[in-house]
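Thanks for sharing this one. Here are my notes, point by point, for you to read beside the model.

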Amino acid sequence: MSKSYSLKPKKSDRFSFGLWTIMNVGRDPFGEATRPPINPLDVIVELAKRNVYSFEMHAEDLVPMGSSTRERDRLVREAKKRMKDYRIKCTNCGSNCFSHPVFKDGALTSNDPDVRAFAVQRYIYAIDMGYELGCRLCNLWWGRDGLEVEGSKDAREALKWLRECCNLLTEYVLRNYPDYELSIEAKPNEPRGDIFLPTTGHALGFIATLDHPEKWGVVPELAHVRMAGLNSVHEVAQALDAGKLSGIHLNSQKPLRYDQDIRFGTEDLKESFFVVYLLETSDYRGTKSFDCHPHRTEDRQGAWDFVAGNMRTYLLLKEKVKEYQQDTQIQRILTRIRGAQKCLPAPEEIASAKFDLDKLMASRLPYEKLDQMIIELLLGAR
Ligand code: GLO
Ligand code: MG
């Protein structure tokens, strides 16, 4: 069956992986590393060899904090060389403003203005590095910007700080690299008890209050949505509707749990399918980036099986999208249940209209049939 499917990743699929996903050594809050570390430069090469289009990174993944300028320049040079030799791009360079203890109570929303300024400096450092690597996006995931103790930060003040910092970064970008863009990746919690702007919807509302909203987009992550018990398809749809989908982090997650970051499609096949449907049928042209990590039971080879598995699942779901669109029975049901696609009349006309409620109530919505067809399509039974 899979023979007729085209499951070999191509550059044109625009797949991407965070360097940090492969560099993950299997450490968790209860256990030490289970895999040996891997050099980011080797990750770049190995991803490229697997036809991955691009990588995402934190500046600190390549250049550890505290490195000399000379060392930084050397590493950037080495990365550029590999990117050219092996044909792979960098499509997001953010900053890790969550690991270092200086950020223990937040980066852009630390109560200490010097820590906030230091975090802005780190993002500027990342933007400069990204630009040098040919990247045009700085995605901000402010994992430490939140709290456990309500009252330890004034939530309205924290939003003002975030706004101030985002505006400073925009100013920097507009002055130095006008074609650079910025984005926000929302997450409800972990590592903080609560993180500010917990969902993509919150982020979109916040972006509208910035000095230059047009410079900002969002990067929804499927697992983050499901951690909040929400619907990842709807979150991606809202970002698309707003014209603000700068990127996407694909992965999987059992709802309402700790951040599992597991391989795309493994826990939520139907939702994953509809996310692929959205990406493949919209005008989205960004990367399809996997932000998850291999199970800590895997060794280094297992990490590459994980890379292959993520892309293969996406490509399989993409094939399923085609089948869904070509399935005449499914399409017939969809046409029937979605009704006539017409706009509503003027409010005055609506106000005086007569509705036949009996007729409206009588319409049959064969969702049982539709859902079963979708399940069977996904299970290969159609
Ligand atoms: C963690 C986030 C994190 C971000 C990354 C982006 O939960 O998903 O991995 O995606 O820092 O730069
Ligand atoms: Mg992410």
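1. The magnesium ion (ligand 2) sits in an octahedral site, with angles of 80 to 172° among its six donor atoms. For comparison, the ideal angles for six octahedral donors are 90 or 180 degrees. Please keep in mind that this is a predicted model, and that the geometry is computed from it.

2. Which protein atoms serve as donors of the magnesium ion (ligand 2)? They are the OE atoms of Glu185 and Glu221, ND1 of His249 and OD of Asp291, at 1.9 to 2.3 Å from the ion. Along the chain, the donors of the magnesium ion (ligand 2) follow the spacing E-x35-E-x27-H-x41-D. Within this set, Glu185 and Asp291 link distant parts of the chain, 106 residues apart. Glu185 belongs to the loop between β6 (181-184) and β7 (194-195), while Asp291 belongs to the loop between β10 (288-290) and α11 (300-326).

3. Are these two loop residues, Glu185 and Asp291, buried or exposed? Glu185 has a relative accessible area of 5%, so it counts as buried. Asp291 has 8% and is therefore buried as well. The cut-off for buried is under 20% relative accessible area.

4. Now to ligand 1. Its surroundings consist of Trp20, His58, Phe98, Asn139, Trp141, Glu185, Lys187, Glu221, His224, His249, Asp259 and Asp291. Sorted by character, the shell around ligand 1 has three nonpolar, four polar and five charged residues. Glu185, Glu221, His249 and Asp291 appear in this shell and are also donors of the magnesium ion (ligand 2).

5. How far are the polar side-chain atoms of His58 and Trp20 from an oxygen atom of ligand 1? For His58 the distance is 2.6 Å, and for Trp20 it is 3.3 Å. His249 has a side-chain N or O atom 3.1 Å from an oxygen atom of ligand 1. Taken alone, ligand 1 exposes 330 Å², and the protein buries 94% of that.

6. Two further residues deserve a look. Arg72 lies in helix α4 (residues 69-86), and its side chain makes a polar contact of 3.0 Å with that of Asp73. Arg72 is buried because its relative accessible area is 10%, given that buried means under 20%.

7. Asp261 is found in the loop between β9 (249-250) and α10 (269-281). With a relative accessible area of 10%, Asp261 is buried. Asp261 and Thr34 are 227 residues apart in sequence, and their C-alpha atoms are 17 Å apart in space.

Conventions
Residues are numbered from 1 along each chain as its sequence is written. Chains are lettered from A and ligands numbered from 1 in the order in which they are written. This is a predicted model: local features need pLDDT of at least 70, side-chain atom pairs count only at pLDDT 80 or more; totals for chains, interfaces and linings use all residues. Side-chain values use heavy atoms; hydrogens and water are left out. A residue is near a molecule or strand if one of its heavy atoms lies within 4 Å of it. A polar contact is a pair of N or O atoms within 3.5 Å; within protein, one must be able to donate a hydrogen and the other to accept it, and residues adjacent in sequence count only if both atoms are side-chain atoms. Accessible areas come from the Shrake-Rupley method with a 1.4 Å probe; for residues, only the protein chains shown count as cover. Ala, Val, Leu, Ile, Met, Phe, Trp, Tyr, Cys and Pro count as nonpolar, Asp, Glu, Lys and Arg as charged, and the others, Gly among them, as polar. Donors are N, O and S atoms within 2.8 Å of the metal (3.2 Å for Na, K and Ca); water is not among the atoms, so sites may look incomplete. Four donors count as tetrahedral if all angles lie between 85 and 135 degrees; four count as square planar and six as octahedral if opposite donors are over 155 degrees apart and all others between 65 and 115; anything else is irregular. Helices (H or I, at least four residues) and strands (E, at least two) are DSSP runs, numbered from the N terminus. Buried means under 20% relative accessible area, exposed over 50%, partly exposed in between (1.4 Å probe, protein chains only).
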